[in-house]
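Here are some short exercises to work through with the model open beside you. Try each one yourself before reading the solution.

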Amino acid sequence: MGFPNIVYSLILFFLISFPKISFSQIIFKELPGYQLNLSDSSFFSLSETRSIIPLNGKWTVYSAEDEEPKKASVNVPSVFKGNAELIFEKTFKLTQEQVREKKIKLYFLGLNYLADIIVNGIVIYRHRGGEYPFNVELPGDILHTEKNNLISVKLSYKPDSENTIPLKQRFLFPGSYGGIIRDVYLYLEPNISIADFNLSFSRDSKTNKFQLNLSERIENKEFRKIPDTLNVKNEFNVSVNVYNPDQTPAVKNIETKFQLKMNENKQLQHSFEISNPFYWSPKFPQFYFLEISLSLNGELIDKVKKEFPVYFLSSSFDDLELNGQPFSFNGVTYIPSFGESGNLASFRQMEDDIKLIAQTGFNSVRFAKSVPHPYYLRLCEKYGLLTFLEIPLNYLPANFAADPDFITRSKNYLTEFIKGYSEFGKFAAVGLGSSYLANLKEHQILINELESVVPKGKGLLSFASFTGVNFEKINNLDLYGIEITCDSFIDDTTGLNSLIDESGKGKIFISSVTYFVNSGNSNGYTNENTYEAQAKYFEDFISAFSGEKISGYFINTMFNYRGDYSSLISGYNENNVYNIGLVSEDRGTAFLSQKVIKSKLQNTERVTIPIGIKNDSSPMAFIVVGLALALIIGVLVNSGRKFRENASRALFRPYNFFADVRDQRIISSYHSTVMAILMAVVMALILSSLLYYLKDNIVFEKILLAFGSTSLIGTVSYLAWNPFTAIVWLSIAFIALIILLVIVIKFASLFVKNRVYLSGIFFSVVWALLPLVLLIPVGIILYRALNAEAANTYVYLGLILFAVWVFHRLMKGIYVIFDINPGRVYFYSIVIVLVLLSAVVLYYEIKNSFIDYLLLTFKQYNISDLL
């Protein structure tokens, strides 16, 4: 972290001043040479009668807030960091034949966040927020054929703490970026077309046959009258063919003849019984092929081609079944993140990631805390991976979950989310959010509301992920996910076993199991939070939860990724990379845990994990600085009788000492200045020891996250993981704080009758802090004492009482040199402190709903967990 950022963040954290407003330039990140992959005709629904006009490439972008905007050129797809309201523009040409004979849909595979879609100056669609894919049909009467058409996207990206999905405070979420982040294209289909079709399946458990039900709507939007065919009877014919994975006919061809007038629709229904089915499964990812042809008077006018998998995933009290056979998830979470580009990736990068997941031996993928490119669905089908999608709701305060507007907004988001992805592939389950509190009524109500909009009868399971195991049954929720984060579930499964007995084995699965690596490599797994310890943890976990104990699990996560907030428990990284994956962020290093999991899942030769020798985790900086402070104090004590007398009187007879200061008795400026520096370093030593201990505490991190300040949590993370540097910077901060305190007291002295000298105030403040020298031995051993976790509550209580004592001494010094009633000093001092704290809390509450998130953290964890 650079010098200017450190100084700014220290001032923010320690002086709690309001952050300055800056207007920084938006910087876009692009993928050089990015190409839309149109080779997969099934994904894009291409055929002889249907085509695509890509709109990727150069777009014009400018600020929506500038009166005289400065326009720039940017490639789409691309992403940008920072809050902004921008307008993207792109021109395109259409022929007279295309406008006259085709229905044209505009597809966005993803943009973030709110957007107005404008074509030729007319707003045709308002996107309510979210990265999921969507499309809108372009009215033919607003399109031009003789000149360029103009698409404008007025995009607003500003995550907040109450309204956006995901919310601003996001625990271990990937970085969020604004922009048109995925492909944009025009989709052309005939005016007389197979407007939409739906596939549904039902399976006979006795015979293993399945019924394929197909419904399609034929739409006639052809308004032209063709003179030479006016007397010809318009006879439409729909031909349906279904082919097995080996390209042999699965059923006999079905043809349906009918009449259809202009501006009319006709709904058709077809049912097929497949006697010898080819079910899709992770071991056999095979596809049926559907072809629907529409002809008019013997001439082909539209054709739809689609590959689709057929599988039946069901959850009951006793079991989870895939195609009638017992099944369990051996899954991994996947969070698309590619360095500074966020989730912006080429089709090749997407395929390489999914291929590696399949090669590791996983059979399921949960797209956690992210909204993926829809092409991932196609890739998961191809490589034999069941897909779990979920809306990015996480760390949700109770007040928001109970708010009717938020509930409505979330239900609309989920509806559009499911609709958008259903067009591009099959997914096994849809998640209603994660990190819900199992015993929080507001969360249960929200889950019930969200579950009500999940389509029924389409084989789509619903699930939600919880941080605890004590929850009530939620109506119609198919699966309950339990989140495990480096705790003792492996050794003690009492709570989980009780939940399984109550809710059923087929309903419970581990939605994420996370192990943080913040200490890198070591000589063995006896050293916690190392790659070796991560490998051992996952090996023990798979052994404990494999077989038929639960419905399955998801290891969290496949690749390291970076987020918007720095993390303490994951280790400080200037790019905010979260070290919890099996493979490095750049995909260049597969960690030991990936090799261990691969061997376990594929039943190959066991990978050896070294035991090693436990290293001492206590930094030498605490010992060195503490001994240096003790040495300097020793030198001062032996430097002369005057210092010893001043120190003795200031410590044991503070009233008399402060009276001497008031009466301008001689006090050494040299000694006082040295002591001020020493006091600042002692406070820095104590605080850095506390931060170093709390760096692994998830509760502490969530309390910091509640502020919603990336600068604050980034600074604390940096200081916590760099103890010597922390002591230096904190010392400077405390010196500045002492100087500021002297200035404030000097200002207060203007309101008393007596004349108070600046030097007297300085001497009083410094010698009031004298008891801090007694904490030098404590600073040396504080981290070790806390790490032993034998009497942490008493340690914290002792430090608090010590701080109260020092505050009392400071108040005594002030009222003595002011020569006023002590009550006035205590009253106004306490009022000032409370006002400052209240101002900070109020500011962050108004800006980032701080109190709501803080209360959520206290509800999720017992406050004793912090101690």
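**Exercise 1.** In which loop does S370 lie? Then decide whether S370 is buried or exposed, and list what it touches.

*Solution.* A word on the input comes first. This is a predicted model in which local features need pLDDT of at least 70 and side-chain atom pairs count only at pLDDT 80 or more, while totals for chains, interfaces and linings use all residues. Residues are numbered from 1 along each chain as its sequence is written, and side-chain values use heavy atoms, leaving out hydrogens and water.

Step 1: S370 sits in the loop between β24 (364-366) and α5 (375-382). Helices (H or I, at least four residues) and strands (E, at least two) are DSSP runs, numbered from the N terminus.

Step 2: S370 counts as buried because its relative accessibility is 8%. The scale is: buried under 20% relative accessible area, exposed over 50%, partly exposed in between (1.4 Å probe, protein chains only).

Step 3: Leaving aside residues up to four places away in sequence, S370 touches P174, Y334, I335, P336, E390 and P392. Contact means heavy atoms within 4.5 Å.

**Exercise 2.** Find the largest nonpolar core and say which helix gives the most to it.

*Solution.* Step 1: Recall that a nonpolar core is a set of buried Ala, Val, Leu, Ile, Met, Phe, Trp, Tyr and Cys residues joined through side-chain atoms within 4.5 Å.

Step 2: The largest such core has 233 residues, and V153, M675 and W767 have the most contacts inside it. Helix α15 (residues 669-694) gives the most, with 17 residues.

Step 3: Look around M675. Not counting residues up to four places away in sequence, M675 touches I633, L636, F643, V766, W767, L770 and V773. A second, separate core has 29 residues, including F236, V240, V242 and V251.

**Exercise 3.** What is the strand order of the open sheet of 6 strands?

*Solution.* Step 1: The order reads β4-β3-β6-β11-β8-β9, with antiparallel pairing. Two strands pair if DSSP finds at least two bridges between them.

Step 2: β4 (72-76) and β9 (122-127) are the edge strands, each pairing on one side only.

Step 3: Zoom in on one pair: 5 bridges join β3 (residues 57-63) to β4. W59 stands opposite V74 in β4.

**Exercise 4.** Where is E101 found, and is E101 buried or partly exposed?

*Solution.* Step 1: E101 belongs to helix α3 (residues 96-101).

Step 2: With a relative accessible area of 26%, E101 is partly exposed.

Step 3: The C-alpha atoms of E101 and E222 are separated by 7.3 Å, although these residues are 121 residues apart along the chain.
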